[in-house]
Amino acid sequence: MTNFLNIMSDSIQSDTTNIAKEVVNAISSGQTNIIIEKLIDQGINLGKNILAAVAVYFIGRFIISLLKRMLTRMMERRKVEATIQSFFHSMLSILLNMLLIIAVIGALGINTASFAALLASGGLAIGMALSGNLQNFAGGIIILLFKPYKVGDWIEAQGVSGSVSEIQIMHTLLVTGDNKVVFIPNGAMSSGTIINYSKQDTRRLEWIVGVDYGEDVDKVKAIIKDIIDNEEKILKTPEPLIALHALDASSVNIILRAWVVSADYWEIYFKINKCIYDEFNKQGVNFPFPQLTVHQA
């Protein structure tokens with residue numbers, strides 16, 4: 001900002017110096033009328049430049065407003081997500097306002113070549129100083145374009161699981177299950193591994209149920225099948241799987257796999273857990289507990 005003011009000051013001082021020299025020469029030669037004419041001409045030129053700058057400003061503001069409305073209507077017709085609309089709206093506003101400032105400065109008669117060079121050098125310096133933030137900015141663009149997740153999705157990334165509450169230019173905001181808000185840089189999100197639990201319409205549930213050795217496995221499987229058949233939210237296709245999973249150290253493990261709509265995942269998971277526990281107790285199926293057999297010599 002200081003360099004920009006110095007450039008403007010040098011330009012104004014240069015013009016003032018030229019006018020002063022002309023005035024001094026005119027006074028020394030006794031040409032007072034020429035002095036008055038010069039001042040009038042300079043005043044007229046200055047007034048024209050100010051009027052031109054004011055006209056450029058208001059016309060530019062009108063054009064910027066028109067372009068922003070056109071962009072908004074176009075994205076709304078194409079049903080672009082609100083996050084992307086906000087991102088491009090702000091970017092267009094910044095770019096157009098910078099161009100308007102340069103146009104107004106040029107209309108005032110100030111040389112914009114030095115100003116453009118200042119912008120280029122300043123942009124390079126800022127880019128080097130904010131390389132990490134630029135990486136996050138680029139990551140935000142990648143996320144908005146390729147959409148590995150969207151607002152409302154439940155994801156796991158950078159060791160954190162939560163619901164996406166907001167996708168900002170620099171950060172993605174996750175709300176965890178215990179209502180903590182986590183800010184994750186978009187650079188890490190765009191280059192890291194992301195597990196999106198909401199991307200697909202359906203998900204597979206899995207239970208491993210242990211019973212005592214000596215229990216009738218077919219009976220246990222039949223009980224579990226009745227529980228699954230009575231649950232309307234468990235999908236019939238793909239068909240649920242019930243099978244003997246493993247002969248563990250202290251238990252015979254039965255595996256159950258079933259598919260549900262993604263939104264019903266946790267509800268059905270906890271509900272079937274309770275149903276299995278209640279039904280096993282009712283049917284006299286024993287749950288195992290760790291056992292150790294000691295043989296005496």
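A residue counts as buried under 20% relative accessible area, as exposed over 50%, and as partly exposed in between. Glutamine 158, at 43% relative accessibility, is therefore partly exposed. Keep that scale in mind as you look around this predicted model. Two sheets are a good place to begin: an open one of three strands in the order β6-β8-β7, and an open one of five strands in the order β4-β3-β2-β1-β5.

**The three-stranded sheet**

- Pairing in the β6-β8-β7 sheet is antiparallel, and its edge strands are β6 (202-211) and β7 (241-247), each of which pairs on one side only.
- From one strand to the next, the twist of this sheet averages 25 degrees.
- β7 and strand β8 (residues 252-261) run antiparallel and are joined by six bridges; within β8, isoleucine 254 is the bridge partner of leucine 244.

**Helices on that sheet**

- Helix α7 (residues 217-229) lies across β6, β7 and β8, and runs at about 15 degrees to β8.
- Helix α8 (residues 265-283) also packs on the sheet, where it touches β6 and β8; the direction of α8 makes about 25 degrees with that of β6.
- The two helices pack against each other too: the axes of α7 and α8 are 10 Å apart, at an angle of about 135 degrees.
- That angle falls outside the ranges for roughly parallel (under 35 degrees), roughly perpendicular (65 to 115) and roughly antiparallel (over 145), so α7 and α8 are oblique to each other.
- The α7 and α8 crossing is right-handed.
- On the α7 side of this contact are Lys219, Val220, Ile223, Ile224, Ile227 and Ile228, which meet Ile272, Cys275, Ile276, Glu279, Phe280 and Gln283 of α8.

**Nonpolar cores**

- As a general background, nonpolar side chains in soluble globular proteins tend to be buried together.
- The largest nonpolar core here has 22 residues, and those touching the most other members are Trp207, Val220, Ile224, Ile234, Leu256, Ile272 and Phe280.
- Two or more residues of this core come from each of β6, α7, β8 and α8.
- Valine 220 is worth a closer look: leaving aside residues up to four places away in sequence, its contacts are Val211, Ile254, Phe280 and Val285.
- Another core, of 11 residues, lies apart from the largest one, and its members include Ala157, Val160, Ile184 and Met189.

**The five-stranded sheet**

- The β4-β3-β2-β1-β5 sheet also has antiparallel pairing.
- Its edges are β4 (181-185) and β5 (194-196); each has a single partner strand, so one side of each has no neighbour in the sheet.
- The twist of this sheet averages 40 degrees from one strand to the next.
- Five bridges link strand β3 (residues 171-175) with β4 in the antiparallel sense, and threonine 172 has isoleucine 184 of β4 as its bridge partner.
- β1 pairs with strand β2 (residues 160-167) over four bridges, again antiparallel; alanine 157 has valine 160 of β2 as its bridge partner.
- β1 and β5 run antiparallel and are joined by three bridges, with isoleucine 195 of β5 as the bridge partner of glutamate 156.
- The two faces of β1 are unlike: Ile155 and Ala157 make up the covered face, while Trp154 and Glu156 make up the uncovered one.

**Loops and backbone details**

- Lysine 150 sits in the loop between α5 (131-146) and β1 (154-157), and its 39% relative accessibility makes it partly exposed.
- Between lysine 150 and threonine 172 there are 10.0 Å from C-alpha to C-alpha, although they are 22 residues apart in sequence.
- Most residues other than glycine have a negative phi, and most peptide bonds are trans.
- Glutamine 158 has a positive phi near 55 degrees, in the hairpin of β1 and β2, where two residues lie between the strands.
- Asparagine 179, in the loop between β3 and β4, also has a positive phi, near 70 degrees; at a relative accessible area of 63%, asparagine 179 is exposed.
- The peptide bond from threonine 237 to proline 238 is cis, with omega near -5 degrees, and proline 238 belongs to the loop between α7 and β7.

Methods: Residues are numbered from 1 along each chain as its sequence is written. This is a predicted model: local features need pLDDT of at least 70, side-chain atom pairs count only at pLDDT 80 or more; totals for chains, interfaces and linings use all residues. Side-chain values use heavy atoms; hydrogens and water are left out. Two strands pair if DSSP finds at least two bridges between them. Axes are lines fitted to C-alpha atoms, for helices over the stretch in contact, and angles run from 0 to 180 degrees between N-to-C directions. Contact means heavy atoms within 4.5 Å. A nonpolar core is a set of buried Ala, Val, Leu, Ile, Met, Phe, Trp, Tyr and Cys residues joined through side-chain atoms within 4.5 Å. Buried means under 20% relative accessible area, exposed over 50%, partly exposed in between (1.4 Å probe, protein chains only). A crossing is left-handed if the near helix is turned anticlockwise from the far one by less than a right angle, and right-handed if clockwise.
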